[in-house]
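Student: Please show me the sequence and the structure. I would like to ask why the terms used for them apply.

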Amino acid sequence: MALFDCACDAVSGHARALTYTTAHGDFHTPMFMPVGTSATVKGVTTDQLRELGSQVVLANTYHLAMRPGAELVAEAGGIHRFMNYDGPMLTDSGGFQVFSLADTVKLSDDGVTFQSIYDGSKIHWTPEENMRIQELIGADIAMQLDQCAPYPATREFVARAVDYSSAWARRCLAAHTRSDQTLFGIVQGGMHLDLRLESVRRLREIEEESLAGGGRRFGGYGIGGYSVGEDHEVMFETLGEVARACPDDRPRYLMGVGNPTTLVRAVREGVDMFDCVLPTRTARMGTAFSSAGRMNLRNAKYARDFTPLDPACDCPTCRNHTRAYIRHLVKQNEMLGAILLSVHNLHFLLDLMRRAREAVLADAYEEFFEQWMESDAAADY
């Protein structure tokens, strides 16, 4: 396969199994991407990520641009060499981080102006500057600069976010030139199905115009602006139709979503890729995913529980440590507790998506889905 080719290996209902080629190897979907915001997945080494079966690791353009700076990352040989990860990588545009700073953000047709959380300096990003930064960082997949609308928000605000995101998508695609990196567009539109479908339509029109002029198309489609405060059921009212409106010959990436049941449900709707800080963030709070549902290791009931964290799991944490020991570490605020839980939670999601892919390849995804929803593991909220 050529660089950034996408092959569909199987479908099962709306669920899909894809193989996607990058300069740092192929990845296979359905897939969860560990989040390495500042060129590190918190508490987990790159060797551990490889051992866990991680495929794509995500890094954050906003934070890397602020510290240590995109130019320094480029000087180090790019993000892969800088953090010693030789697999595929993705950088989000930083748009979510920028727009979470609502009090300091000013929007214009030209771009976005915001205040750095590190030193208070005023920064202006155009789509072209955002592409320059992501090309310097050098991940295999870059994301367009977009405006992520919060929830709740007025329809007028969300429609304007679609306008900005669409206009910036056109400029990002025109500005993006790095041949060993592809660019994903991002669908916005809040919880309004018509605005979502309009956003998809505009992205498809933009890439058609680009191709007609000898330019590129988007390497995949991100679906942003979900899991921003709404109930999960609200997301699923529109997610399936939005995902299936995206091109079927490229990955569909649901951004910022990471609890296990949501992944299982979203794959059923046709989503291929996911990322979220949830597995490592909840680990630092003493919480674990498990075949018995979400576990709070601070609970006293684990104090003398000398069984594995999850007897159904074969990750290094579950093979080598008991609930009682991990609870002790968590209660003492020992960093090892967060590390061991991070390893387990990441393994849990990576393995879940591996099993989801096997179900698609066997054309048995509906059975996989039903078994999951009937299991104790589905109690993960």
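Tutor: Start with an open sheet of three strands, in the order E7-E8-E9, where the pairing is antiparallel. Its edge strands are E7 (106-108) and E9 (122-125), each pairing on one side only. From one strand to the next, the twist averages 15°. This is a predicted model, in which local features need pLDDT of at least 70 and side-chain atom pairs count only at pLDDT 80 or more, while totals for chains, interfaces and linings use all residues. Residues are numbered from 1 along each chain as its sequence is written, and side-chain values use heavy atoms, with hydrogens and water left out.

Student: What makes E7 a strand?

Tutor: Strands are DSSP runs of E with at least two residues, helices are runs of H or I with at least four, and both are numbered from the N terminus. E7 covers 106-108, so that run meets the requirement of at least two residues.

Student: How do you know that E7 and E8 pair?

Tutor: Two strands pair if DSSP finds at least two bridges between them. Three bridges join E7 to E8, so the two strands count as paired. Within this pair, lysine 106 has threonine 113 in E8 as its bridge partner. Helix H7 (residues 155-175) packs on the sheet and touches E7 and E8, where contact means heavy atoms within 4.5 Å. The direction of H7 makes about 60° with that of E7; axes are lines fitted to C-alpha atoms, for helices over the stretch in contact, and angles run from 0 to 180 degrees between N-to-C directions.

Student: Why are E4 and E5 called edge strands?

Tutor: They belong to an open sheet of eight strands with parallel pairing, in the order E4-E14-E13-E12-E11-E10-E6-E5. E4 (31-34) and E5 (57-60) each have a single partner strand, so one side of each has no neighbour in the sheet. The twist there averages 25° from one strand to the next. E5 and E6 (residues 89-92) pair in the parallel sense over four bridges, and asparagine 60 stands opposite aspartate 92 in E6. Helix H15 (residues 335-361) lies across E4 and E14 (273-276), at about 155° to E4.

Student: Why is the pair of tyrosine 20 and phenylalanine 184 called edge-to-face?

Tutor: Rings of Phe, Tyr and Trp (its six-membered ring) pair if their centres lie within 6.5 Å; planes under 30 degrees apart are stacked, over 60 edge-to-face, and the rest tilted. By this rule there are 11 aromatic pairs. Tyrosine 20 and phenylalanine 184 lie 6.4 Å apart centre to centre, with 85° between the planes. The distance is within 6.5 Å and the angle is over 60, so the pair is edge-to-face. It links distant parts of the chain, since tyrosine 20 is in E2 (residues 15-22) and phenylalanine 184 in E11 (residues 182-187), 164 residues apart.

Student: What makes the pair of tyrosine 62 and phenylalanine 114 tilted instead?

Tutor: Their centres are 5.6 Å apart and their planes 50° apart. That angle is neither under 30 nor over 60, so the pair falls among the rest, called tilted. Tyrosine 62 lies in helix H2 (residues 61-66) and phenylalanine 114 in E8 (residues 111-115), so the pair ties together parts 52 residues apart in sequence.

Student: How do you know whether tyrosine 62 is buried or exposed?

Tutor: Buried means under 20% relative accessible area, exposed over 50%, and partly exposed in between (1.4 Å probe, protein chains only). Tyrosine 62 has 1%, so it is buried. Phenylalanine 114 is buried too, also with 1%.

Student: What makes arginine 196 sit over the ring of tyrosine 226?

Tutor: The rule asks for NZ of Lys or CZ of Arg within 6 Å of the ring centre and within 35 degrees of the ring normal. The charged end of arginine 196 is 3.9 Å from the centre of that ring and is listed as sitting over it. For arginine 268 over phenylalanine 369, the distance is 4.2 Å.

Student: Why does cysteine 172 form no disulfide?

Tutor: A disulfide is a pair of cysteine sulfur atoms within 2.5 Å. The closest cysteine sulfur to that of cysteine 172 is in cysteine 148, 15 Å away, so it is too far for a bond. For cysteine 246 the closest is in cysteine 6, at 13 Å, again too far. A search of the whole structure finds zero disulfides.
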